[in-house]
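I opened this notebook to record what I looked up in one protein structure. The entries follow the order in which I consulted the model.

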Amino acid sequence: SSSSSSSLTPQATLTHVPKLVADKIVAQSGPPTKSDFFVDDVYGSKPTSPTSATIKNLMSHRTQMLQDVSTTKARYADAPSRSDAEAERVRQAKLLLMSPTVSAINLLQEWAQSRGETLQSRFVTSDAVSTGPQHAPSFTQEMTDKDTGIKVIGTGRTAKQARQDASGKMFVEIVKHDETAMTRYKAVVDTMLRASEIR
């Protein structure tokens, strides 16, 4: 009934609007029409026709929402998203690790030293575990970042390969969260990109 509609507070109005109306407001697909309100459980257990005050209230909130969206878009229109920047750093880190002249352990060590730490003080590395037949063993080694709790598992045909693999995976994890981790390797990565014609 109209009495139940008009007694709603603004907060309750937003809580009780049907999903179709809420979707239109958020998606900016146009103002909700009167027919949108004729659905079950709008304000109660049966269809209810909204009052003009209720619709006006909804449109007021929609106007504010559109202004907020517009402001946010303008603020970040020219800046790459955090996820895009992170993905690019990860791509470059993986490319760097592909170089036969680059040691993942050394990369991790250089990063730790740049922060006044050592591999031993920052990371916990388990002993390599061997599985499989004796003539073709497979090694795994676990590495944990003491500061973040991030854990990776490296694999390889030798214990050394397993440690290199674990170090490489940990370096990639660090690159995700440290925007400066790849800075010192920019020239190396740029050279590799030009050589492989990835750009």
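The entries below go from confidence and overall layout to charged pairs, aromatic pairs and the nonpolar core.

**Entry 1. Confidence**

I note at the outset that this is a predicted model. I looked up the confidence and found a mean pLDDT of 74 for the protein, with 57% of its residues at 70 or more. I then looked for the weak stretches. Over residues 1-17 the pLDDT stays under 50, and the model has 23 contacts beyond four places in sequence for them. Residues 37-48 also have a pLDDT below 50, and this stretch has 24 contacts beyond near neighbours in sequence. Where pLDDT is low, the predicted coordinates should not be read in detail. I therefore do not interpret the contacts of residues 1-17, where pLDDT stays under 50.

**Entry 2. Overall layout**

I listed the secondary structure and obtained nine helices and four strands. Read from the N terminus, the elements run α-α-α-α-α-α-α-β-β-β-β-α-α. The protein has 199 residues, of which 32% are buried. I also checked how the contacts are distributed along the sequence: among those with a separation of 6 or more, 48% join residues 24 or more positions apart.

**Entry 3. Salt bridges**

I searched the whole structure for salt bridges and recorded nine. Side chains of opposite charge can pair when their charged atoms come close. I followed one group in detail: R115, E117, R122, D145 and D147 are linked in a network of salt bridges.

Within this group, I looked up R115 and E117, whose closest N and O atoms are 3.6 Å apart. E117 counts as partly exposed because its relative accessibility is 22%. R115 is partly exposed as well, with a relative accessible area of 44%.

I next examined R122, which meets D145 in a salt bridge at 2.6 Å, N to O. This pair links distant parts of the chain, R122 being in helix α7 (residues 119-122) and D145 in strand β3 (residues 138-145), 23 residues apart. Both R122 and D145 are buried.

R122 has a salt bridge with D147 too, at 3.5 Å, N to O. D147 lies in the loop between β3 and β4 (151-156) and R122 in helix α7, so the pair ties together parts that are 25 residues apart in sequence. Which of these two residues is buried and which is exposed? R122 counts as buried because its relative accessibility is 5%, whereas D147, with a relative accessible area of 58%, is exposed.

**Entry 4. Aromatic pairs**

I searched for paired aromatic rings and counted two pairs. W111 and F123 form a tilted pair, with 6.4 Å from centre to centre and 45 degrees between the planes. W111 lies in helix α6 (residues 104-114) and F123 in strand β1 (residues 123-125), so this pair ties together parts that are 12 residues apart in sequence. W111 counts as buried at 6% relative accessibility, and F123 counts as buried at 4%.

The other entry is F171 with Y185: the ring centres are 6.3 Å apart and the planes stand at 75 degrees, so the pair is edge-to-face. F171 is in helix α8 (residues 159-177) and Y185 in the loop between α8 and α9 (186-196), 14 residues apart. F171 is buried, with a relative accessible area of 0%, and Y185 is buried with 9%.

**Entry 5. Helix α6**

I looked up which residues of α6 are buried and noted A104, I105, L107, L108, W111 and A112. They cover an arc of only 165 degrees around the axis, which means that they lie on the same side of α6. After α6 comes G116, which has a positive phi near 75 degrees.

**Entry 6. Nonpolar core**

In soluble globular proteins, nonpolar side chains tend to be buried together. I looked up the largest nonpolar core here and found 25 residues, with L108, F123, M143, M170, F171, I174 and M182 having the most contacts inside it. α5 (82-97), α6, α8 and α9 each supply at least two residues of this core. Its largest share, six residues, comes from α8.

I finished with L108. What does L108 contact, leaving aside its neighbours within four places in sequence? I recorded L119, F123, M143, S167, M170, F171 and I174.

Methods: Residues are numbered from 1 along each chain as its sequence is written. This is a predicted model: local features need pLDDT of at least 70, side-chain atom pairs count only at pLDDT 80 or more; totals for chains, interfaces and linings use all residues. Side-chain values use heavy atoms; hydrogens and water are left out. pLDDT is the predictor's confidence in each residue, from 0 to 100. Contact means heavy atoms within 4.5 Å. A salt bridge is a side-chain nitrogen of Lys or Arg within 4 Å of a carboxyl oxygen of Asp or Glu. Buried means under 20% relative accessible area, exposed over 50%, partly exposed in between (1.4 Å probe, protein chains only). Rings of Phe, Tyr and Trp (its six-membered ring) pair if their centres lie within 6.5 Å; planes under 30 degrees apart count as stacked, over 60 as edge-to-face and the rest as tilted. The arc is that of the directions from the helix axis to the C-beta atoms. A nonpolar core is a set of buried Ala, Val, Leu, Ile, Met, Phe, Trp, Tyr and Cys residues joined through side-chain atoms within 4.5 Å.
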